[in-house]
Amino acid sequence: MEPTSLPAEVYVAGVGLTPVGEHWNTSLRELALEAIRAARQDAGGLRPQALYAANMLAPALSGQTHLGVLLADFAGLRGIEASSFEAAGASGGVALRQAYLAVRSGLIDIALVIGVEKVTDRVGASVHAALAMAGDSDHEAVQGLTPAAQAGLLMRRYLHEYQAPADALAGFSLTAHANAVHNSNAFLRGAVSLEEYRQAPRDSDPLNVYDAAPLADGAAALILARREVLAASADRPLIRVAGSSVAIGALALHDQPDLLGLSAAEESARRAFHQAGVTPEEIDLFELHDAYSIYAALALEASGFAGRGQGWRLAAEGQIGLQARIPVATFGGSKARGETGGATGVYQAAEVVLQVQGRAGANQVPGAEVGMAQCLGGAGATASTHIFAAVKP
Amino acid sequence: MSDAPRTRLLKPTRDVGIVGYGAYIPQYRLPAKEVARVWTGGAGGLPIKEKAVAGQDEDVITMSIEAARNALARADIDPTEIRAVWVGSESHPYAVKPTSTIVAEAIGATPHTQAADWEFACKAGTEAVQAAIGFVGSGMARYALAIGMDIAQGRPGDALEYTAAAGGAAYLLGPADEALAIFEGSYSYSTDTPDFWRRADEKYPEHGERFTGEPAYFKHILEAAQALMHDLGSTPADYRFVVFHQPNTKFPQRVGKQLGFKPEQIQTGLLVPVIGNVYAGSALVGLTAVLDVAEPGDRILLVSYGSGAGSDAFSLHVTERLPERQGRARKTQDYIARRTEIDYATYARYRGKLTLK
């Protein structure tokens, strides 16, 4: 393939995703294949030249490394480039970034991103131990610091520093659940009330069980391509990847100079906005990282949608619903659609694409044209932000 | 036969019924909040109020004997006419040495009797009932005694420790024309589903956490109940009572609702909140509480669940003979009311969780 002289703009050719749930009877590779098939069909049958897998738990829970070739081979794609990318909860965004860079370079015409997670291959303590590997193993995990505990510490600091009420973050959970009611792919489909949130048992105090997203199985796929290879389609707008970034900060919570600042998310968002030539005001929806509700508040602040200490108010004041100022978790987010580890970043991206294509059905954000997806690894140690924009004819 | 069977209903050639029934629940109670006090500092939800704990000199043999005696008291038959004594449990005192022969001898049913121990997690009792229906219904035996009894062990600190309890019931089956309640038909549904297991050399079982729910308990009970009602042509509204296997309070309530039963149909047989999960005795002891208050003509649906996995389902209706027999042995609510609260330390001592050597 001759490299083009100008970098190629990158478009989304198709998306595919599986329902999120406890897929006891479906293996890791079968789950991935479902999403890959759906994405390829959505893309009019395009055959990718490169596959970028996103996953964080397969080595620990399924005894499986070498995912790039496993998933490509199982999908009938021998001979292509394939590899797996891992950045804890940001794996999806990071894999998407790699695919973007490949197509943008002009050296790859069609790239497939496949995020997949199969958490039900194990139950119990081994799952918690595997999740804790996303932190600093020698200095955090060994002390028993789990992702839930990290989020609990951050939430406690947040509520204290900003003198926010105990139920300040409830709106994130309530909104996510309300949106999932109409998403047939969501893991949890029932609405949650403020009273249920207030009465919920504590997980890692002050975090309660409604502040924590349920971990479940799922697979989501995106196909990126150069404009020239896309089939013309009258029934949906062309979607361009307007912004793509990854940034890292400190890994361990205790190494972060500004605990509530999420510096990696701030930097990643800044780069994506700059590349896309947009400001937060022009974003129509934000699929943010809500594995724990505290991250949703912090992500809104770090990305410039709210001032410091004000992120919770957007939720409390009803500004994050589908019809509101900055819709988040439009299909339920990690909280209700389900948290799928390395696949979450790809679910977020797929959901943004569906929104800006006007294909979100009952979950449609009216008039959505520019959407943002951001996933975090660990306690915000890695952040990946992508902006998708519908191309005006 | 080239055609697929029209029905999968299990129905013997002669009608069979329950000629006598009896419960046994030990007197000690360990409140769930006491388990929480030790393990979680009192935090977290509690799946039940309290569970029944067996005393130091009790085991599945002693408990089965008392339940069998209660059943015989209600049956008013000559025990030498019992042709099978079958005990189902996951806590038989011996790995090799049957519980059933000791029980058979204690109640005077030996030597002209079949004796056997049964095992299938929490459905070891109902499978003995299922087989006894065949034994009696074929004309091979006039009476067969089927017992489900357990002293369930919970691993200290495990979620199941809140509910793993002791108790069960005995059922003397015989001809329908002598019965207090008659079996209209039954059904069994089995699959290879490893939701809960214990290797022979392990003291405590392991389980698949959330896997024990929808793919295990709910799937098998739903399939068995729906198949039985379909083949009998009955609906939930036809039953005054329904009894399910009861590992905790929520599961039987939820499966009942999913099937279309109302809370009042489940209520009488729902004993788990106050005695815990008595494993192989669970559905069967729930049925005794129903039989203690049921009236002639009442229809009862019983669906057990055993991990590994399977469900046995039975549809019964009560006869004119029941009211007069109900009071001839200790009623289940009386066993429940006979209550001595113990603390966690006493429970650990009674159940041998303190290793002294």
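**Exercise 1. Determine which residue just after H3 of chain B takes a positive phi, and describe the burial and packing of this helix.**

Step 1. Just after H3(B), B:Gly108 adopts a positive phi of about 80°. Helices (H or I, at least four residues) and strands (E, at least two) are DSSP runs, numbered from the N terminus. The model is predicted: local features need pLDDT of at least 70, side-chain atom pairs count only at pLDDT 80 or more, and totals for chains, interfaces and linings use all residues. Residues are numbered from 1 along each chain as its sequence is written, and chains are lettered from A and ligands numbered from 1 in the order in which they are written.

Step 2. H3(B) spans residues 99-106, and its buried residues are B:Thr99, B:Ser100, B:Ile102, B:Val103 and B:Ala104. Buried denotes 20 or more other C-beta atoms within 10 Å of the residue's own, exposed 12 or fewer, and partly exposed in between, with C-beta atoms placed from the backbone.

Step 3. These buried residues pack against helix H2 (60-75), strand E4 (82-88) and strand E5 (114-118) of chain B. Contact requires C-beta atoms, placed from the backbone, within 7 Å.

**Exercise 2. Establish the strand order of the open sheet of 3 strands in chain B and locate the helix that packs on it.**

Step 1. The order is E3-E2-E14 in chain B, with mixed pairing; two strands pair if DSSP finds at least two bridges between them.

Step 2. E3 and E14 (340-341) of chain B are the edge strands, each pairing on one side only.

Step 3. Strand E2 (residues 28-31) of chain B runs antiparallel to E3(B), joined by 4 bridges. B:Leu30 stands opposite B:Lys51 in E3(B).

Step 4. Helix H1 (residues 32-40) of chain B packs on the sheet and touches E2 and E3 of chain B; its direction makes about 50° with that of E2(B). Axes are lines fitted to C-alpha atoms, for helices over the stretch in contact, and angles run from 0 to 180 degrees between N-to-C directions.

**Exercise 3. Characterise the contact between domain 1 and domain 2 of chain B.**

Step 1. Domain 1 comprises 16-180 + 339-350 of chain B and domain 2 comprises 184-324; the bounds come from an automatic or database domain assignment.

Step 2. Taken over C-alpha atoms, the centres of the two domains of chain B are separated by 16 Å. The contact takes 39 residues from domain 1 of chain B and 38 residues from domain 2 of chain B.

Step 3. On the side of domain 1 of chain B that touches domain 2, elements giving two or more residues include strand E1 (16-24) and helix H4 (124-137) of chain B. H4(B) gives the most to this side, with 6 residues.

Conventions. Two residues are in contact if their C-beta atoms, placed from the backbone, lie within 7 Å.
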